[in-house]
Amino acid sequence: MIKVGIVGGTGYTGVELLRLLAQHPQAEVAVITSRSEAGVAVADMYPNLRGHYDGLAFSVPDSKALAACDVVFFATPHGVAHALAGELLAAGTKVIDLSADFRLQDANEWGKWYGQPHGAPELLKDAVYGLPEVNREKIRQARLIAVPGCYPTATQLGLLPLLEAGLADPSRLIADCKSGVSGAGRGAAVGSLFCEAGESMKAYAVKGHRHLPEISQGLRQAAGKEIGLTFVPHLTPMIRGIHATLYATVADTSVDLQALFEKRYGNEPFVDVMPAGSHPETRSVRGANVCRIAVHRPQGGDLVVVLSVIDNLVKGASGQAVQNLNILFGLDERMGLSHAGLLP
Ligand SMILES: NC(=O)c1ccc[n+]([C@@H]2O[C@H](COP(=O)([O-])OP(=O)(O)OC[C@H]3O[C@@H](n4cnc5c(N)ncnc54)[C@H](OP(=O)(O)O)[C@@H]3O)[C@@H](O)[C@H]2O)c1
């Protein structure tokens with residue numbers, strides 16, 4: 001059994017990790033931290049987990065207890081993994097970080113977007129960006145994984161086939177993305193209140209969102225050159241889900257895009273390319289570790305529209321983190337992750 005620690009067990013990605021790991025035949029959660037709920041039994045706080053984690057209670061983060069685990073997930077705000085990861089790695093514990101701490105390869109760029117200096121630039125050389133559809137072989141050898149963000153997962157998986165094939169004009173990419181409210185985490189905030197977010201929809205961070213440099217970094221690598229991306233996130237009145245509507249122009253309209261996407265993701269267990277003409281729905285991936293994609297070229301023009309949906313807490317966070325765990329430990333990548341989405 002793989003002994004697992006989770007730092008930040010009371011947040012939405014933390015409890016989603018618990019839900020997924022409850023079904024995992026090779027992982028056992030030994031330590032789960034919360035500073036505010038220390039001493040509270042996991043099942044008392046989250047009754048959906050009753051019967052799955054008897055005897056497990058939240059505890060304050062303790063680096064000795066965490067270092068006794070084979071792997072530690074960080075489901076914490078940015079900056080926490082910077083402070084603790086080095087000590088765990090030195091003890092031989094692998095780290096899978098769901099926060100943004102190790103996603104950007106450039107520490108200065110990270111500091112610019114997160115408003116504080118990078119707390120562990122010396123670890124960046126060890127960090128592998130945990131998008132299995134791009135970095136599977138590197139993940140196998142890694143000891144520090146930076147799990148991609150939710151918008152970056154949906155956007156990159158939607159645009160990669162076009163950029164890798166050199167088909168899209170990389171200078172004019174548009175990602176028009178909608179997220180459910182759980183994307184903002186469990187912390188109390190006025191913007192996440194029912195009466196603020198319900199029955200309404202709005203764009204935010206149009207002039208620059210923290211996920212922009214992360215998405216740009218991945219797309220630049222795929223294109224092999226500089227890219228120009230306009231990324232506009234929106235908040236929508238749903239709990240889970242991301243819907244990315246992606247636009248790119250192509251110079252060659254004779255290429256069969258459906259075949260291109262089907263070939264690119266043909267061997268990927270968690271990317272589903274739908275039949276031509278489809279419109280994927282966020283509810284079809286709710287609770288599932290799946291990115292569901294459809295590719296369109298309206299009226300046969302040179303503008304390609306890719307629709308990409310994920311559950312922000314699963315393929316956009318905790319499910320992708322478990323997928324990385326499976327790859328890191330040489331397990332079947334689908335272990336504990338093969339369930340279908342919740343519909344209706
Ligand atoms: N929500 C999403 O859809 C999503 C998707 C992808 C990635 N992410 C990223 O995943 C991370 C967690 O997100 P979330 O939505 O689960 O957040 P959240 O709901 O706000 O939960 C944060 C957790 O971290 C703990 N925590 C906070 N400050 C801490 C500190 N200084 N030291 C140790 N523990 C601390 C909190 O517990 P205590 O305060 O009790 O210790 C809580 O359990 C974030 O970096 C987020 O950007 C989130």
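A polar contact is taken here as a pair of N or O atoms within 3.5 Å. The structure is a predicted model. By that cut-off, S182 makes such a contact with the ligand: one of its backbone N or O atoms lies 3.0 Å from a ligand nitrogen atom.

Two side chains also approach the ligand through polar atoms. A polar side-chain atom of T13 lies 2.7 Å from an oxygen atom of the ligand. For S36, a polar side-chain atom lies 2.5 Å from a ligand oxygen atom. On its own, the ligand has 890 Å² of accessible area, and the protein covers 81% of it. Two elements, α1 (12-21) and α11, give two or more residues to the shell around the ligand. In total, 25 residues surround the ligand. The closest are T10, T13, S34, S36 and T76.

The nonpolar interior was examined next. The largest nonpolar core has 39 residues. Helix α7, spanning residues 150-164, gives the most to this core, with 8 residues. L162 and L229 have the most contacts inside the core. Apart from neighbours within four places in sequence, L162 is in contact with L167, A168, A248 and L257. The contacts of L162 also include L260, F261, V304 and V306. A second, separate core has 37 residues. Among them are Y53, V128, V322 and L337.

Charged pairs form another part of the picture. Side chains of opposite charge can pair when their charged atoms come close. The structure holds 16 salt bridges. One of these joins the side chains of R136 and E268, at 2.6 Å from N to O. This pair links distant parts of the chain, 132 residues apart. R136 sits in helix α6 (residues 132-141). E268 sits in the loop between α10 (257-264) and β11 (271-273). Residues under 20% relative accessible area count as buried. R136, at 17% relative accessibility, is therefore buried. E268 is buried too, at 10% relative accessibility.

A salt bridge also joins the side chains of R240 and D311, with an N to O distance of 2.9 Å. Here again distant parts of the chain are linked, 71 residues apart. R240 is in the loop between β9 (229-235) and β10 (242-249). D311 is in the loop between β13 (303-310) and α11. D311 is buried, with a relative accessible area of 1%. R240 and D311 belong to a network of salt bridges that also links E16 and R19.

The side chains of R292 and D272 form a further salt bridge, at 2.6 Å from N to O. R292 lies in strand β12 (residues 291-296) and D272 in strand β11. The two residues are 20 residues apart, and the pair links distant parts of the chain. Burial splits this pair. R292 is buried, with a relative accessible area of 19%. D272 counts as partly exposed, at 28% relative accessibility.

Polar contacts within the protein include those of D176. D176 lies in strand β7, which covers residues 173-179. The side chain of D176 makes a polar contact with the side chain of K178, at 2.9 Å. A polar contact at 3.4 Å joins the D176 side chain to that of H234. Not counting residues up to four places away in sequence, D176 touches V232, H234, H243, A244, T245 and Y247.

Several backbone features were also noted. A cis peptide bond joins L343 and P344, with omega about 5°. P344 falls in the segment after α11 (314-328). E199 has a positive phi of about 50°, although E199 is not a glycine. E199 is found in the loop between α8 (194-197) and β8 (202-203). This residue is exposed, with a relative accessible area of 82%. A205 is not a glycine either, and has a positive phi of about 50°. The loop between β8 and α9 (211-223) holds A205. At 30% relative accessibility, A205 counts as partly exposed.

Conventions: Residues are numbered from 1 along each chain as its sequence is written. This is a predicted model: local features need pLDDT of at least 70, side-chain atom pairs count only at pLDDT 80 or more; totals for chains, interfaces and linings use all residues. Side-chain values use heavy atoms; hydrogens and water are left out. A nonpolar core is a set of buried Ala, Val, Leu, Ile, Met, Phe, Trp, Tyr and Cys residues joined through side-chain atoms within 4.5 Å. Buried means under 20% relative accessible area, exposed over 50%, partly exposed in between (1.4 Å probe, protein chains only). Helices (H or I, at least four residues) and strands (E, at least two) are DSSP runs, numbered from the N terminus. Contact means heavy atoms within 4.5 Å. A salt bridge is a side-chain nitrogen of Lys or Arg within 4 Å of a carboxyl oxygen of Asp or Glu. A residue is near a molecule or strand if one of its heavy atoms lies within 4 Å of it. A polar contact is a pair of N or O atoms within 3.5 Å; within protein, one must be able to donate a hydrogen and the other to accept it, and residues adjacent in sequence count only if both atoms are side-chain atoms. Accessible areas come from the Shrake-Rupley method with a 1.4 Å probe; for residues, only the protein chains shown count as cover.
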